[in-house]
Amino acid sequence: MDVKAIIEKLYETNDATKEELLYLLDNIADESKKLLMKRAHETRMRYYGNKVYMRGLIELTSFCKKDCLYCGLRRCNKDAQRYRLTLEEVLECVRKGDKLGYKTFVLQGGEDAYFTDEKVIEIIKAIKVEFSNNAITLSLGERSYESYKKLYDAGADRYLLRHESASKKLYESIHPGEPFEIRINCLKNLKEIGYQAGAGFMVGIPNQTNEDLVNDLRFVKELEPAMCGIGPFIPHKDTPLRDHDNGSLEKTVICLSLVRLLLPNVLLPATTALSSIDKQGREAGLKAGGNVIMPNLSPMSVRKKYSLYDNKAYILDEDAEYRVMIEKKIKEAGFEVEVSRGDNPDFIK
């Protein structure tokens with residue numbers, strides 16, 4: 001096998017076998033990395049042009065019932081600072097975001113039993129009353145089919161639920177007591193209901209192998225999500241994985257490019273985690289095929305409380321008030337901000 005030949009096959013057919021993907025990850029070198037990024041960028045330009053879609057992120061709650069080993073919001077972290085936004089606080093964030101040009105709002109939070117279906121529906125409907133043409137993305141973890149359906153019927157457009165790892169053993173090693181099958185069924189339910197559903201995975205999880213990453217790549221190829229969030233593992237000081245190293249920017253960017261080639265129409269964020277491990281991380285993600293960023297609209301008073309991992313990028317880039325600076329950086333990287341909902345054309349409701 002030849003790495004460059006595999007890349008060209010991916011570019012031409014948007015597919016590759018497990019064996020080909022593993023060979024590529026095991027053997028990719030500088031010249032073939034450049035070719036991979038080039039082909040990913042060309043694919044993104046063919047499907048989306050140079051547009052970057054901006055989503056306003058609102059971190060709804062830092063309470064979580066789960067005890068995932070990598071996450072600073074985990075239930076057993078007694079040092080975590082907990083909060084819940086009120087309906088009015090959410091609406092203030094949305095109003096500010098709309099004025100700044102954000103036409104999608106992402107409501108993200110831990111799995112918090114306080115936010116029942118009724119409470120989330122109240123928030124969704126209140127946003128839609130004022131901003132009927134704006135999209136709402138939810139990222140509130142695992143819920144029942146019935147719950148997802150109610151939220152969809154209330155007006156939610158998209159749902160992000162990263163699968164984190166498509167290898168059952170690795171997934172369950174970092175999600176104690178949480179069966180892998182539940183997460184996968186949730187993703188299938190979201191697609192069946194009609195959401196623009198998003199999956200995604202971490203790069204650099206302790207004990208992760210290239211075979212695990214191939215499982216992730218094949219999983220998203222077969223699931224065909226509307227969105228795919230890929231970011232490096234970053235340790236948090238108050239978790240059992242505190243002593244492990246960050247996932248690498250280079251490997252994360254390789255995986256971004258591979259997903260762009262496997263799913264040419266996918267909405268692919270250049271995540272906050274990328275800019276947290278490298279000042280140029282977001283730009284690298286955009287140049288590797290990424291076409292979404294999610295600046296933070298949460299109240300300043302809670303931003304540092306929503307601590308998923310250490311050294312999270314907060315200032316300037318992640319503050320929606322600095323939208324002009326964000327747009328300037330995007331332009332410097334060769335792209336343009338698109339002020340629209342930014343739907344995946346294959347998944348429009």
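Student: What is the helix and strand content of the chain over residues 46-271, and how far apart are the end C-alpha atoms?

Tutor: In this predicted model, residues 46-271 are 39% helix and 17% strand. The C-alpha atoms at the two ends of that stretch are 22 Å apart.

Student: What makes residues 46-271 a stretch to consider by itself?

Tutor: The UniProt record, an unreviewed entry, places the feature "domain: Radical SAM core" at these residues. Such an annotation may be inferred rather than shown by experiment.

Student: How do you know that strands β4 and β5 pair?

Tutor: Pairing requires at least two bridges between the strands. Strand β4 (residues 135-139) and strand β5 (residues 158-160) are joined by 2 bridges, so they meet that requirement. The two strands run parallel. As for individual residues, Leu138 has Tyr159 in β5 as its bridge partner.

Student: To which sheet do β4 and β5 belong, and what is its strand order?

Tutor: They belong to an open sheet of 6 strands, ordered β2-β3-β4-β5-β6-β7 and paired in the parallel sense.

Student: Why are β2 and β7 called edge strands?

Tutor: Strand β2 (56-61) and strand β7 (227-232) each pair on one side only, and that is what the term denotes. Neighbouring strands in this sheet are turned against each other by 20° on average, with direction ignored.

Student: What makes helix α9 a helix that lies across this sheet, and at what angle does it run to β6?

Tutor: Helix α9 (residues 210-223) lies across β6 (196-203) and β7. Its angle to β6 is about 175°. Angles run from 0 to 180 degrees between N-to-C directions, so this value places the two directions almost opposite to one another.

Student: Which strands form the sheet of 3 strands, and in what order?

Tutor: This open sheet has the order β8-β1-β9, with parallel pairing. Its edge strands are β8 and β9, each of which pairs on one side only.

Student: How do you know that β1 pairs with β9 and also with β8?

Tutor: Strand β1 (residues 51-54) shares 3 bridges with β9 (residues 336-338) and 2 bridges with β8. Both counts satisfy the requirement of at least two, and therefore both pairs qualify. Tyr53 has Glu338 as its bridge partner in β9 and stands opposite Val292 in β8. Lys51 stands opposite Glu336 in β9.

Student: Which helix lies across these strands?

Tutor: Helix α14 (residues 323-332) lies across β1, β8 and β9, and runs at about 125° to β9.

Student: Why is the space of about 1,000 Å³ called a cavity?

Tutor: The term applies because a 1.4 Å probe fits in such a space but cannot get out. With 30 Å³ or more as the threshold, the count is 2 cavities, and the largest has about 1,000 Å³ of space. Among its 50 lining residues, Gln108, Ser139, Arg162, Glu164 and Leu308 are the closest to its centre.

Student: Which element gives the largest share of the lining of the largest cavity, and how do its residues divide by type?

Tutor: Strand β7 gives the largest share, 5 residues. The lining comprises 27 nonpolar, 12 polar and 11 charged residues.

Student: What lines the second largest cavity?

Tutor: This cavity, with about 30 Å³ of space, is lined by Thr61, Gly110, Glu111, Asp112, Phe115, Leu140 and Arg143. They divide into 2 nonpolar, 2 polar and 3 charged residues.

Key
Residues numbered from 1 in each chain as written. Predicted model: local features only at pLDDT ≥ 70, side-chain atom pairs only at ≥ 80, totals over all residues. Heavy atoms only, no water. Helix = DSSP H or I, 4+ residues; strand = E, 2+ residues; numbered from the N terminus. Contact = heavy atoms within 4.5 Å. 1 Å grid on protein atoms, 1.4 Å probe; cavity = no way out; pocket = protein on both sides within 12 Å on 5 of 7 lines; lining within 4 Å. Points joined across faces, edges and corners; volume = space filled by probe spheres on them. Nonpolar A, V, L, I, M, F, W, Y, C, P; charged D, E, K, R; others polar.
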